[in-house]
Amino acid sequence: MSSKDPGTQLRGRQSECEALDRHLAAVRAGHSAVVGLRGEAGIGKTALLEHVAGHADGCGVVRTAGVESEMQLAFGGLHQLCVPFLDHLGRLPDPQRAAIETAFGMSEGTPPDRFLVGLAVLSLLADVAQHKPLICLVDDAQWLDHVSAQILGFVARRLMADEVGLVLAVREPDGEHLLHGLPELVVEGLREPDARALLDSAIHGGFDERIRGRTLAEARGNPLALLELPRASSVADMRRPRPAHGDSRRVHIMSHDHAAQAAASESWMNAARMLQDAAPLTIPEGASAMTIEVEWEPGDPGTPPHRHSGPAFGYVVEGAVRFELEGEPERVVEAGGTFWEPGGDVIHYQDGNALGDGRTRFVVTMMCAPGKPMLELVSKEELEQRAHLRAPRPTG
Ligand SMILES: Nc1ncnc2c1ncn2[C@@H]1O[C@H](COP(=O)(O)OP(=O)(O)OP(=O)(O)O)[C@@H](O)[C@H]1O
Ligand SMILES: [Mg+2]
């Protein structure tokens with residue numbers, strides 16, 4: 001995404017863009033500026049770098065990016081940054097020129113002193129910026145080769161009144177240490193109205209309000225998730241629990257070969273009835289599965305709002321469960337019916353007894369992340385913060 005491109009625009013991010021624009025103004029006014037953009041994958045760091053590039057009128061822009069598969073190639077990231085300016089090398093003090101030429105394989109020699117290479121890069125950028133303010137954009141800094149990262153850190157800490165701006169984007173948690181001591185701009189999730197607008201822009205055709213709510217909750221304002229989840233959600237929705245009652249489809253639980261071997265007695269092949277077929281699922285690494293039986297007296301509201309670390313699958317044995325997940329309207333699941341929930345961030349609001357005059361009993365199998373409790377209650381403060389993600393309450 002580039003803010004230069006007509007038709008593509010960042011949602012939200014006013015304060016981040018204003019902060020970056022102030023850095024640009026400072027560079028144009030003859031100062032240096034350094035800022036590290038830090039945030040999780042897909043949160044919009046590259047998009048903000050594009051904003052800088054698109055608003056750097058009157059400045060030269062040069063870029064480099066870390067590449068995971070090239071992390072072992074010493075000086076690779078730095079070389080990419082400096083390559084447009086190699087014709088300026090002749091203006092550097094001899095020891096600095098010699099060091100950078102050796103580092104970039106332009107002349108032979110023993111591995112250069114990193115301090116000298118750092119000074120050479122500083123001199124080079126300052127020299128280029130004498131003609132026009134210079135903005136250096138470094139993306140995916142967590143994947144820079146070690147030497148380039150070290151030298152860029154050195155440069156960032158020593159830029160003076162050089163009309164040079166340096167913006168580094170770092171994915172956390174991998175690369176946080178790279179920004180140590182540098183001014184940071186932490187990139188967080190989009191605010192709800194912006195997240196909703198971005199989600200809506202990614203949806204073509206109808207989108208169930210339940211799924212919209214759940215997608216917003218799961219994405220936590222992460223633009224990449226907002227753009228990608230709708231596709232996954234619609235697939236997930238197609239495969240949500242099918243009606244359990246009266247579903248006489250038989251379950252295909254074995255291959256043809258095995259079926260042939262088992263031909264002697266076929267009764268077991270027809271013994272299974274599909275109750276619930278839930279997918280796709282994210283199962284926490286190393287999860288254990290726990291099956292419990294829950295019994296509610298008439299009218300019992302059930303467990304207070306809570307979360308599970310992994311997915312949970314339930315079967316109502318007796319009575320009727322009032323079931324509600326964040327973003328979905330509540331519903332009643334009667335005896336013989338099933339329910340499931342993805343676990344993770346989604347709040348499980350209700351699992352109580354929908355009957356005022358009878359007991360309800362259900363069995364649920366929960367997948368728990370190692371070391372996590374079976375369920376965690378959600379605090380009052382968080383419930384208030386996320387109240388807008390809950391489906392409208394039934395009236396009357
Ligand atoms: N504010 C925004 N408005 C609209 N789309 C956005 C916004 N921020 C990011 N995007 C889009 O979301 C996707 C992910 O953003 P981006 O690539 O910038 O994330 P990132 O933080 O650089 O992720 P990574 O750590 O994987 O590099 C991209 O398609 C981008 O165009
Ligand atoms: Mg990126």
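A crossing of two helices is left-handed if the near helix is turned anticlockwise from the far one by less than a right angle, and right-handed if clockwise. I wrote that down before looking at any pair, and I note that the model is predicted.

**Entry 1: α7 and α8**

I applied the definition to α7 and α8 to begin with. I found that α7 passes α8 in a right-handed crossing. I then looked up the stretches involved: helix α7 covers residues 192-202 and helix α8 covers residues 209-219. Their axes are 11 Å apart, and the packing angle is about 125 degrees. I count angles of 65 to 115 degrees as roughly perpendicular and those over 145 as roughly antiparallel. I therefore entered α7 and α8 as oblique to each other.

**Entry 2: α5 and α6**

I turned to helix α5 (residues 114-129) and helix α6 (residues 146-158), whose axes cross at roughly 55 degrees and come within 9 Å. The crossing angle makes α5 oblique to α6. For handedness, I recorded that α5 passes α6 in a right-handed crossing.

**Entry 3: α1 and α2**

I looked up helix α1, residues 14-28, against α2; the axes come within 10 Å, at a crossing angle of roughly 40 degrees. Angles under 35 degrees count as roughly parallel, so I logged α1 as oblique to α2. I noted a right-handed crossing of α1 and α2 here.

**Entry 4: the shell around ligand 1**

I kept α2 in view and moved to the ligand. Which helices each supply at least two residues of the shell around ligand 1? I listed α2 (45-54) and α9 (223-238). I counted 20 residues surrounding ligand 1, and the closest are R11, G42, K45, T46 and R171. By class, I sorted the shell into 10 nonpolar, six charged and four polar residues.

**Entry 5: polar atoms at ligand 1**

I checked polar backbone atoms against the ligand. Which atom of ligand 1 is 2.8 Å from a polar backbone atom of R11? I found a nitrogen atom of ligand 1 there. For G42, I read 2.7 Å between a polar backbone atom of the residue and an oxygen atom of ligand 1. For I43, I read 3.2 Å, again from a polar backbone atom to an oxygen atom of the ligand. I then looked up how much of ligand 1 is covered: on its own it has 630 Å² of accessible area, and the protein covers 83% of that.

Notes:
Residues numbered from 1 in each chain as written. Chains lettered and ligands numbered in written order. Predicted model: local features only at pLDDT ≥ 70, side-chain atom pairs only at ≥ 80, totals over all residues. Heavy atoms only, no water. Near = heavy atom within 4 Å. Polar contact = N/O pair within 3.5 Å; in protein donor to acceptor, adjacent residues only side chain to side chain. Areas by Shrake-Rupley, 256 points an atom, 1.4 Å probe, with all protein chains shown as cover. Helix = DSSP H or I, 4+ residues; strand = E, 2+ residues; numbered from the N terminus. Nonpolar A, V, L, I, M, F, W, Y, C, P; charged D, E, K, R; others polar. Axes fitted to C-alpha atoms, helices over the stretch in contact; angles between N-to-C directions.
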